[in-house]
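These are my notes from going through one model, residue by residue and then strand by strand. I keep each entry to what I looked up and what came back.

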Amino acid sequence: MFTNSQEPAMISTDIFSPLRELAHRSADGIDVTLMWNPADDSAFVVVVDLKAGTVFEIGVEDTNPMHVFNHPYAYVREELAA
């Protein structure tokens with residue numbers, strides 16, 4: 001037991017916040033993953049297209065995260081989609 005003078009200092013868990021996978025799907029060589037970063041409360045979608053040999057990330061920002069997850073190619077920049 002600790003007395004008030006012997007209590008250990010509280011350790012903050014805010015310094016290490018691993019990313020969390022919220023959703024994942026895979027079909028026809030394309031993996032799509034919706035990720036959340038609790039440290040800054042941001043979400044993003046990662047797409048790995050094995051057929052095309054591309055990997056890209058899309059920030060969700062103010063958009064519905066599930067819409068970006070379900071339709072990532074609609075949100076990708078033009079140079080990546082070509």
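Entry 1, Glu21. I began by asking whether Glu21 is buried or exposed. In this predicted model, Glu21 has a relative accessible area of 52%, and since exposed means over 50%, I noted Glu21 as exposed. I then looked up where the residue sits, and found Glu21 in strand S1, where its bridge partner in S2 is Met35. Leaving out residues up to four places away in sequence, I found that Glu21 touches Thr33, Leu34 and Met35. I also checked Glu21 against Ala43, which is 22 residues away along the chain, and the C-alpha atoms of the two are separated by 9.7 Å.

Entry 2, the chain as a whole. I stepped back to list the secondary structure, which comes to 2 helices and 4 strands in the protein chain, and read from the N terminus the elements run β-β-β-β-α-α. For burial, I found that buried residues make up 21% of the 82 residues in the protein chain. For contacts, I took those between residues at least 6 apart in sequence, and 21% of them join residues at least 24 apart.

Entry 3, the sheet. I next asked in what order the strands lie. The answer is an open sheet of 4 strands in the order S1-S2-S3-S4, with antiparallel pairing. S1 and strand S4 (54-59) stand at the edges and each has a single partner strand, so one side of each is left without a neighbour in the sheet. Averaged over neighbouring strands of this sheet and with direction ignored, the turn of one against the other is 15 degrees. As a reminder to myself when reading side chains here, in a regular strand they alternate between the two faces of the sheet.

Entry 4, strand pairs and their turns. I went through the pairs one by one, starting with strand S1 (residues 20-27) and strand S2 (residues 30-37), which run antiparallel and are joined by 7 bridges. Their hairpin has 2 residues between the strands, and in it Asp28 takes a positive phi near 55 degrees. S2 and S3 pair in the antiparallel sense over 8 bridges, and one of the bridge partners I looked up is Asp49 in S3, which pairs with Ile30. The hairpin that S2 and S3 form has 4 residues between them, and Asp41 in the turn has a positive phi of about 55 degrees. S3 and S4 are also antiparallel, joined by 6 bridges, and Asp49 stands opposite Thr54 in S4, so I recorded Asp49 with a partner in S2 as well as one in S4. In the hairpin of S3 and S4, with 4 residues between the strands, the positive phi belongs to Gly53, near 70 degrees.

Entry 5, the salt bridge. How many salt bridges does a search of the whole structure find? The search finds 1 salt bridge, in which the side chains of Lys51 and Asp28 meet at 2.9 Å, N to O. Lys51 lies in the loop between strand S3 (42-49) and S4, and Asp28 in the loop between S1 and S2, so the pair ties together parts that are 23 residues apart in sequence. I checked accessibility for both partners: Lys51 is exposed, with a relative accessible area of 61%, and Asp28 counts as exposed at 58%. Asp28 is also the residue whose positive phi I noted for the hairpin of S1 and S2.

Entry 6, the rings. My search for aromatic pairs gave a count of 1. The pair is Phe56 with Tyr73, edge-to-face, at 5.6 Å centre to centre and with 70 degrees between the planes. It links distant parts of the chain, with Phe56 in strand S4 and Tyr73 in the loop between helix H1 (65-70) and helix H2 (78-81), 17 residues apart. The accessibility of the two I entered separately: Phe56 counts as buried because its relative accessibility is 6%, and Tyr73 counts as partly exposed because its value is 39%. Last, I looked for a charge over a ring, and found that Arg25 lies over the face of Phe69, at 5.2 Å from the ring centre.

Terms used. Residues are numbered from 1 along each chain as its sequence is written. This is a predicted model: local features need pLDDT of at least 70, side-chain atom pairs count only at pLDDT 80 or more; totals for chains, interfaces and linings use all residues. Side-chain values use heavy atoms; hydrogens and water are left out. Axes are lines fitted to C-alpha atoms, for helices over the stretch in contact, and angles run from 0 to 180 degrees between N-to-C directions. Rings of Phe, Tyr and Trp (its six-membered ring) pair if their centres lie within 6.5 Å; planes under 30 degrees apart count as stacked, over 60 as edge-to-face and the rest as tilted. Buried means under 20% relative accessible area, exposed over 50%, partly exposed in between (1.4 Å probe, protein chains only). A charge sits over a ring if NZ of Lys or CZ of Arg is within 6 Å of the ring centre and within 35 degrees of the ring normal. Contact means heavy atoms within 4.5 Å. A salt bridge is a side-chain nitrogen of Lys or Arg within 4 Å of a carboxyl oxygen of Asp or Glu.
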